[in-house]
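Here is a short briefing on one structure. Please keep the sequence and the 3D view open while reading.

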Amino acid sequence: MSTMTIGFLGCGNIGCGVYRLLKEQGEQIARNEGETFEIRRILVRSKGKKRGAEIPEALMTENPDDVLLDPQISIVMEFMGGEEPAASYMLRALEAGKTVVTANKMALATHWQELIHAARTHAAGLYYEASVCGAIPIIRAINDSLQANRITSVTGIINGTTNYILSRMTREGASYADVLADAQRLGLAEPDPTADVEGYDAAYKLSILSTLAFHRHVPVGSVYREGISGITPLDVQCGKAFGLTLKLLAIAKEVDGCVQARVHPAFVPDDHPLASVSDAFNAVYVSGHACGEMMFYGRGAGDMPTASALVSDLIKAAKTKNHQLPAVDELPAKMADDWACVHFVRMLARDEPGVLSVVSGTFARHGVSIASMVQKGETDSDGHVQLVFLTHRASERCVRQALGEMDRTLVSQVNVIRVERD
Ligand code: HSE
């Protein structure tokens, strides 16, 4: 039996979850894994604050040096969240030769190269399963189970808040604003929901996943990002009529040596495994040349699901003598600047003879072929009608150029949503 002395950076919901899990499961972990853990210091912002675990006040400190400079602490668990000071503290811990276990996708994705470099230089471990999709062991799967594969794509629902909002919009026909307000009342969405609803949270996670899947660094700034705040119940309803379900997808693909990494609303066919992932659940669908297609499903957030991944990493870190870092080239990935998919295009058009031929002619000039078109509802009192097109697979750039050239005296309120079929 070995005892590892550890320190916490932060003690909010996740930190308290880890504390409770270690207390509850400590004996079982000792029996099964031969490891025990002694929590020596916990960095908090304010010692007097009420917490979700009964933690002796003597463990708490407001001075980061009490954790970072303590030679007895060999593993630092970070759950402060946010970029700074978390990234700087993790760097300091690694530079002191301490192993870091983190749930912080923002700090990790934004400072990936510095953190990996520091871990490598100081022979320290860096473990981050909890940073992507909470309890789902997707990092472990990519790094430790699928090494023999050439992974061709990773497509996921990796943000629970947006999946909850879109699921309710789909089920109830409710508006984005109403469901968001409800989610905020229930504590499922943050008071400032920007990071979730505008796709930033998913972009950090996708940067990490795609870097590991393709063995080349995919910086957060290279991830194309669009959120769900412009989605209307009409989009969801029109998609349903075509047999499509709307999700916020995180998509990473490697095509001809170029990586696409993008987060945006996308329709998937109703019979796609990702279509049935509802509410706050997460799922990641991976395709590899040898393993074929597989889907990982579970809880992507919350104190105990996240603590489950953190404690698993802690046990792994404690049992590892020579820490392994991911095999990622120093050069960043070559990013694709265009991609092809089916596009759903909804527009308000003047209901007059010849309008359809102008619209289809503009698409045709840019090589965009229309697969189907429906007129939605009746002509309004101003003589306008909603038209919905599904294109054949078409280049993103060509669709944008075509829409940029549409005669705005004839069409307005154009909304484009990609359709992912693979
Ligand atoms: N806010 C995230 C989500 C959880 O809604 O999935 C933490 O990454």
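Eight names make up the surroundings of the ligand: Lys105, Asn159, Gly160, Thr161, Asp196, Asp201, Lys205 and Ala301. The model is predicted. Three of these residues also bring a polar side-chain atom to a ligand oxygen, starting with Lys105 at 2.7 Å, then Lys205 at 2.9 Å and Asn159 at 3.4 Å.

**Ligand site**

- On its own, the ligand has 260 Å² of accessible area, and the protein covers 79% of that.
- What is the chemical make-up of the shell around the ligand? Four residues are charged, three are polar and one is nonpolar.
- Two helices each supply at least two residues of this shell: helix 7, spanning 160-172, and helix 10, spanning 200-214.
- For the polar contacts, look at lysine 105, whose polar side-chain atom sits 2.7 Å from a ligand oxygen.
- Lysine 205 places a polar side-chain atom 2.9 Å from an oxygen atom of the ligand.
- Asparagine 159 does so at 3.4 Å.

**Helix packing**

- Two packed helices are described by the angle between their axes and the distance between the axes.
- Helix 10, which supplies at least two shell residues, also packs with helix 6.
- The axes of helix 6 and helix 10 are 10 Å apart, at an angle of about 15°.
- Angles under 35 degrees count as roughly parallel, so helix 6 is roughly parallel to helix 10.
- The crossing of helix 6 past helix 10 is left-handed.
- A second pair is helix 1 (residues 13-33) and helix 12 (residues 303-319).
- How do the axes of helix 1 and helix 12 cross? They come within 9 Å and cross at roughly 50°.
- Helix 1 and helix 12 are therefore oblique to each other.
- Helix 1 passes helix 12 with right-handed crossing geometry.

**Backbone details in loops**

- Which peptide bond is cis, with omega near 5°? The bond runs from glutamate 84 to proline 85.
- Proline 85 belongs to the loop that links strand 4 (75-78) and helix 3 (86-95).
- Cysteine 133 has phi near 60°. That is a positive value, and the residue is not glycine.
- Where is cysteine 133? Its place is the loop between strand 6 (126-127) and helix 6 (138-145).
- Helix 6, at one end of that loop, is the helix that packs with helix 10 at about 15°.

Notes: Residues numbered from 1 in each chain as written. Predicted model: local features only at pLDDT ≥ 70, side-chain atom pairs only at ≥ 80, totals over all residues. Heavy atoms only, no water. Near = heavy atom within 4 Å. Polar contact = N/O pair within 3.5 Å; in protein donor to acceptor, adjacent residues only side chain to side chain. Areas by Shrake-Rupley, 256 points an atom, 1.4 Å probe, with all protein chains shown as cover. Helix = DSSP H or I, 4+ residues; strand = E, 2+ residues; numbered from the N terminus. Nonpolar A, V, L, I, M, F, W, Y, C, P; charged D, E, K, R; others polar. Axes fitted to C-alpha atoms, helices over the stretch in contact; angles between N-to-C directions. Parallel < 35°, antiparallel > 145°, perpendicular 65-115°, else oblique. Left-handed = near helix turned anticlockwise from the far one by under 90°.
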